Amino acid sequence: MIPDPGIRIGQGFDAHRFAPGRRLVLGGVHVPHEQGLLGHSDADVLAHAITDAVLGAMALGDLGTHFPPSDERWRDADSLGLLREACRLAAERGGRPVQVDAILFLEAPKIAPYVAVMRAQIAESMGLSVDAVSVKATTTEGMGFVGRGEGAAASAVVLMSVSREA
Ligand code: MG
């Protein structure tokens, strides 16, 4: 039973492997790099973590439930489209995103020049203002799969308000 008026929180995590010959897309932004992330969709690890957080806040399962890799519709899909769809599913249940805080974990490339555009793209996809979307980035100081440059990961927290009327 969702309290009314309700505030709900969701968290998301995702990781993808780097591979040559792929475009690197983070938060809907093409970031020039010698390799990209491998996945059935565009492998936008940041968008996936945020999408999972939206679904989690509404207890709607996860990304794989709604957008299975076995479904050809999602091949090379723009992951901001998946995020939009998750927000639509949430809206059907009265859920509206309020705020996002996300962290990218990657050793390279430096994404600082692209963060403003990522925030704008994510905000637009979720019907939020840019100042409600935070994107941060960190290395892991050379440790683990991120540190070795084998892949990138992202985590996100999304706050949702839920009204009973919807
Ligand atoms: Mg993913």
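**A walk through the predicted fold**

Let's start at Glu 141, which sits in the loop between strand 6 and helix 5 (144–147). Its phi is near 55 degrees, a positive value in a residue other than glycine. Glu 141 counts as exposed because its relative accessibility is 70%, and the cut-off for exposed is over 50%. Keep in mind as you look around that this is a predicted model.

Glu 141 has a counterpart in Ala 59, in the loop between helix 1 and helix 2. Ala 59 isn't a glycine, yet it has a positive phi of about 55 degrees. Ala 59 is exposed too, with a relative accessible area of 61%. While we're on backbone quirks, check the peptide bond from Ala 108 to Pro 109: it is cis, with omega near -5 degrees. You'll find Pro 109 in the loop between strand 5 and helix 4.

Now zoom out. The chain's secondary structure comes to 5 helices and 7 strands, and reading along the sequence you get β-β-β-β-α-α-α-β-α-β-α-β. The C-alpha trace spans about 50 × 35 × 25 Å along its principal axes. How does the radius of gyration fit a compact globule? With 166 residues, such a globule would come out near 15 Å, and the chain has 15 Å, so the two agree. Of those 166 residues, 48% count as buried. Take the contacts between residues at least 6 apart in sequence: 73% of them join residues at least 24 apart.

What's on the inside? Nonpolar side chains in soluble globular proteins tend to be buried together. Here the largest nonpolar core has 44 residues, and Leu 26, Ile 50 and Met 126 have the most contacts inside it. At least two residues of this core come from each of helix 1 (45–57), helix 3 (79–92), strand 5 (95–105), helix 4 (115–126), strand 6 (133–138) and strand 7 (151–162). Helix 1 gives the most, with 9 residues. Met 126 is a handy place to stand and look around: leaving aside neighbours within four places in sequence, Met 126 is in contact with Ile 50, Val 54, Leu 83, Cys 87, Pro 97, Val 100 and Val 158. Apart from this big core lies another one, of 5 residues, among them Phe 67, Trp 74, Ala 77 and Leu 82.

Helix 3 deserves a closer look. Helix 3 has 14 residues and reaches 20 Å from its first C-alpha to its last, close to the 20 Å expected at 1.5 Å a residue. At its start, a side-chain oxygen of Asp 78 comes to within 2.9 Å of the backbone nitrogen of Leu 80. After helix 3 comes Gly 94, with a positive phi near 85 degrees. In between, the buried residues are Ser 79, Leu 80, Leu 82, Leu 83, Ala 86, Cys 87, Leu 89 and Ala 90. An α-helix has 3.6 residues a turn, so residues three or four places apart point the same way. With that in mind, look at what the buried residues of helix 3 pack against: helix 1, helix 2 (63–66), strand 5, helix 4 and strand 7.

Next, the metal. Which residues hold the magnesium ion? The ion is coordinated by Asp 14 (OD), His 16 (NE2) and His 48 (ND1), at 2.0 to 2.2 Å. Along the chain, these donors follow the spacing D-x1-H-x31-H. Asp 14 is buried, with a relative accessible area of 17%, and His 16 counts as buried at 16%.

Ala 15 is found in strand 1 (residues 6–20). Is Ala 15 buried or partly exposed? At 34% relative accessibility, Ala 15 counts as partly exposed. Leaving aside neighbours within four places in sequence, Ala 15 is in contact with Val 45, Phe 145, Ala 152 and Ala 153. By C-alpha, Ala 15 and Ser 161 are 27 Å apart in space and 146 residues apart in sequence.

One more stop: His 40, in the loop between strand 4 (35–37) and helix 1. A polar atom of the His 40 side chain lies 3.3 Å from the backbone oxygen of Asp 71. Beyond its neighbours within four places in sequence, His 40 is in contact with Pro 69, Asp 71, Glu 72, Trp 74, Arg 75 and Asp 76.

Note on methods: Residues are numbered from 1 along each chain as its sequence is written. This is a predicted model: local features need pLDDT of at least 70, side-chain atom pairs count only at pLDDT 80 or more; totals for chains, interfaces and linings use all residues. Side-chain values use heavy atoms; hydrogens and water are left out. A nonpolar core is a set of buried Ala, Val, Leu, Ile, Met, Phe, Trp, Tyr and Cys residues joined through side-chain atoms within 4.5 Å. Buried means under 20% relative accessible area, exposed over 50%, partly exposed in between (1.4 Å probe, protein chains only). Helices (H or I, at least four residues) and strands (E, at least two) are DSSP runs, numbered from the N terminus. Contact means heavy atoms within 4.5 Å. The expected span of a helix is 1.5 Å times one less than its number of residues. A polar contact is a pair of N or O atoms within 3.5 Å; within protein, one must be able to donate a hydrogen and the other to accept it, and residues adjacent in sequence count only if both atoms are side-chain atoms. Donors are N, O and S atoms within 2.8 Å of the metal (3.2 Å for Na, K and Ca); water is not among the atoms, so sites may look incomplete. The radius of gyration is taken over C-alpha atoms; the globule rule is 2.2 Å times the number of residues to the power 0.38.
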